[in-house]
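The following exercises are meant to be worked through with the structure in view. Each task is followed by a solution in steps.

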Amino acid sequence: MIPWANPLAQYRSHESEILAAMVRVLESNSYILGGEVESFERAFANYCGMAHGVGVGSGTDALILALRALDIGASDEVITVSHTAVATVAAILACGATPVLVDVDPAYYTVDPACIEAAITSRSKAIVAVHLYGQPADMDAIAAIGRRRGLRIVEDCAQATGGRYRGRRVGGLGDIACFSFYPTKNLGAIGDGGMVVTADEALASRVRRLRQYGWDESRNTLEIGVNSRLDSLQAAILHAKLPHLDADNVRRAAIASRYDRAFAGLPLTLPATSSEDTHVYHLYVVRCEQRDRLSAHLAADQIGSAVHYPVPVHQQHGYAERVIVTDGGLPVTTGLADQILSLPIYPELSDAEVDLVITSIRRYYALPR
Ligand SMILES: Cc1ncc(COP(=O)(O)O)c(C=O)c1O
């Protein structure tokens, strides 16, 4: 079976460096925060071109703590998309704020800036821009709205580590940025992990305080916080993998470009890319009629696929009644849910395996129907 994602293959391809990093931590007698976490925070912030990185327990916690550091809470509205991982919206709710969900651009599947403008009210406090599937959102337009309407900008970079918008790395395009190191992500841990990155020292120290009970450096409680620290073992593993990230992303892009060429002319909508941006293909998502039929055909050929995401967040149990959806609904978002399919893409996918995926899909479209 060719899985749609393969964190085990990623572990194997960096096995000796990962094991050496783990042994170093195990023998250090220091398992929480300390040097391993600090040095990875510096390296990762530096990779993003930012001054500060704060390692936290997950990408979801990165979003929660970033929003809390921006003083977002009850009575505030935060604008984001419904076509995203549930985590983006769950984080807004966890702060006590109300998510206002808007539609996405029909070509790029990232937030449509015109929809943001239409959703702003006197309670709006921030925009969470999600760089979905590895494609950066239109940050110039979003930042311009933020400046004009006095809204803070949070980047949800969980799916776009290493991506670039108009030549600039994601993570430095708003007030504060949040990353996930979930194992299947472009930079994946062997467990949960996340990072908040910002140029703003005050915001970084607020997140640092919130991730550990609201303590200052002398363990005096300054406010109520949580326990959400990036694990030292995960920090060491991620630090070992970071030097390989750019090459891994280049390999993802090469696979995407083979798919693009092979599927041109088939009745599939392929991922749109802008020549000004660097899409890092966390996912390669096609759009087609009868998506479940194509997925079943691939499965019969021992090829995995997945749907990101089958139910928009505003239609999910528990969320539907807690979010605001702008007038007219979210036609692009709801139209996508039945048609999108994520094909296998990860650096360790071999050329021969890419050929098998291509052959299977071409054969599917050659079948009589
Ligand atoms: C867009 C997006 N935001 C946030 C998250 C949350 O990250 P984590 O799973 O590390 O909490 C994810 C990953 O699942 C994601 O894809």
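**Exercise 1: The ligand and its surroundings**

Task: Find which oxygen contact of the ligand involves Thr60, and then describe the residues around the ligand.

Solution. Step 1: a polar side-chain atom of Thr60 is placed 2.5 Å from an oxygen atom of the ligand. The model is predicted, so local features need pLDDT of at least 70 and side-chain atom pairs count only at pLDDT 80 or more, whereas totals for chains, interfaces and linings use all residues. Residues are numbered from 1 along each chain as its sequence is written, and side-chain values use heavy atoms, with hydrogens and water left out.

Step 2: oxygen atoms of the ligand also lie 2.9 Å from a polar side-chain atom of Gln159 and 3.2 Å from one of Lys185.

Step 3: the ligand is surrounded by 17 residues, each with a heavy atom within 4 Å of it. The closest are Gly59, Thr60, Asp156, Ser180 and Lys185.

**Exercise 2: The two domains**

Task: State where the domains lie in the sequence and describe the area buried between them.

Solution. Step 1: the domain assignment, which is automatic or from a database, gives domain 1 as 7-243 and domain 2 as 245-366. Their C-alpha centres are 24 Å apart.

Step 2: contact (heavy atoms within 4.5 Å) joins 49 residues of domain 1 to 39 residues of domain 2.

Step 3: about 3,600 Å² is buried between the domains, with carbon and sulfur atoms giving 55%. Buried area is the accessible area (1.4 Å probe) that two parts lose on being put together, summed over both. On the side of domain 1, Tyr109, Tyr133 and Asn186 lose the most area to domain 2, together 19% of what that side buries.

**Exercise 3: Salt bridges**

Task: Count the salt bridges between the domains and in the whole structure, and give an example of each.

Solution. Step 1: a salt bridge is a side-chain nitrogen of Lys or Arg within 4 Å of a carboxyl oxygen of Asp or Glu. Side chains of opposite charge can pair when their charged atoms come close.

Step 2: two salt bridges are counted between domain 1 and domain 2. Glu276 pairs with Arg166 in a salt bridge whose closest N and O atoms are 3.5 Å apart.

Step 3: the whole structure holds 20 salt bridges. Among them, Asp71 and Arg206 have their closest N and O atoms 3.1 Å apart. This pair links distant parts of the chain, 135 residues apart: Asp71 is in the loop between α4 and β2, and Arg206 is in helix α8. Helices (H or I, at least four residues) and strands (E, at least two) are DSSP runs, numbered from the N terminus.

Conventions
Polar contact = N/O pair within 3.5 Å; in protein donor to acceptor, adjacent residues only side chain to side chain.
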